[in-house]
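Biologist: Got a minute to walk me through this model? I'd like to go sheet by sheet, then look at the packing and the pocket.

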Amino acid sequence: MKHLQIAVGIIRNSQQEIFITQRAADSHMAGFWEFPGGKIEQDETPEVALKRELLEETGIAVKEAVLLKVLEHTFTDRIVTLSFYLVEEWDGKPFGREGQPMRWVKQSDLLAEEFPPANAAIIELLTHLRT
């Protein structure tokens, strides 16, 4: 079974809002909202992958990222290991650089059912995390 390593950025502004984007219609788990990120390439650390992916997908340059949690999820066709980083310092203004819909949502208003199942535990953590 395919095993993917993914670096994920939880971009949070000073108003305690989280930046999320919508998965493309032709992607795995299409239509769900997600925290931006992507595959960790061979010989790449999760932190380097996070910075590269967030620049590619959202146009921001990460200044600091803190590892929040690492989760593993098994789908019928793949296993994914997700490294979730809290990003509160960056340069630039995040936007859907690949044309994907995007929005800011209050951290306390995140809804697990809007995200792929692999995100449920991190959303639970975020909605109860003291800011």
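Biologist: How many bridges join β2 to β3, and which way do they run?

Modeller: Bear in mind that this is a predicted model. Q22 has W33 as its bridge partner in β3, and T21 is partnered there by E34. β2 and β3 run antiparallel, and the bridges joining them number two.

Biologist: And which strand order does that three-stranded sheet have?

Modeller: Besides its link to β3, β2 is joined to β7 by five bridges, also running antiparallel, with I18 opposite V105 in β7. β3 (33–34) and β7 (102–106) are the edge strands, each pairing on one side only. The sheet is open and its order is β3-β2-β7.

Biologist: Now the four-stranded sheet: which strands stand at its edges?

Modeller: This one is open too, with mixed pairing and the order β4-β1-β6-β5. A strand at the edge has a single partner, so one side of it is left without a neighbour in the sheet. That applies to β4 (37–39) and β5 (61–74).

Biologist: What is the twist from one strand to the next there, on average?

Modeller: The strands concerned follow the order β4-β1-β6-β5. From one strand to the next, the twist averages 20 degrees.

Biologist: Which residue in β4 does I6 stand opposite?

Modeller: β1 and β4 pair over three bridges, in the antiparallel sense. Across that pairing, I6 faces a β4 residue, namely K39.

Biologist: What angle does helix α1 make with β1?

Modeller: α1 (residues 46–58) packs on the sheet and touches β1, β4, β5 and β6. The other helix, α2, lies across β1, β5 and β6, at about 125 degrees to β5. For α1, the angle between its direction and that of β1 is about 65 degrees.

Biologist: Let's zoom in on S83. Is S83 buried or exposed?

Modeller: S83 sits in strand β6 (residues 78–91). Skipping residues up to four places away in sequence, S83 touches I6, A7, V8, L67, K69 and V70. Its relative accessibility is 8%, and the cut-off for that class is under 20%, so S83 counts as buried.

Biologist: Which residues touch the most other members of the largest nonpolar core?

Modeller: That core has 21 residues, and β1 (2–11), β2 (17–22), β6 and α2 (120–128) each supply at least two of them. There's also a second, separate core of 12 residues, including F19, A49, V87 and W90. Back in the largest core, the ones touching the most other members are I10, F35, F84, L110 and I122.

Biologist: Last topic, the pocket. Which lining residues are closest to the centre of the largest pocket?

Modeller: The largest pocket has a volume of about 660 Å³. β1, β2, β4, α1 and β6 are the elements that give two or more residues to its lining. Out of 28 lining residues, the closest to the centre are I6, R23, E34, G37 and G38.

Biologist: I6 and E34 came up before. Where does E34 pair, and with which residue?

Modeller: I6 we met opposite K39 in β4, and E34 is in the pocket lining along with I6. E34 is in β3, and the residue it partners there by a bridge is T21.

Key
Residues are numbered from 1 along each chain as its sequence is written. This is a predicted model: local features need pLDDT of at least 70, side-chain atom pairs count only at pLDDT 80 or more; totals for chains, interfaces and linings use all residues. Side-chain values use heavy atoms; hydrogens and water are left out. Buried means under 20% relative accessible area, exposed over 50%, partly exposed in between (1.4 Å probe, protein chains only). Contact means heavy atoms within 4.5 Å. A nonpolar core is a set of buried Ala, Val, Leu, Ile, Met, Phe, Trp, Tyr and Cys residues joined through side-chain atoms within 4.5 Å. Two strands pair if DSSP finds at least two bridges between them. Axes are lines fitted to C-alpha atoms, for helices over the stretch in contact, and angles run from 0 to 180 degrees between N-to-C directions. On a 1 Å grid over the protein atoms alone, a cavity is a set of points where a 1.4 Å probe fits but cannot get out, and a pocket is an open set with protein on both sides within 12 Å along at least five of seven lines; lining residues have an atom within 4 Å of a point. Grid points are joined across faces, edges and corners, and a volume is the space filled by probe spheres set on the points.
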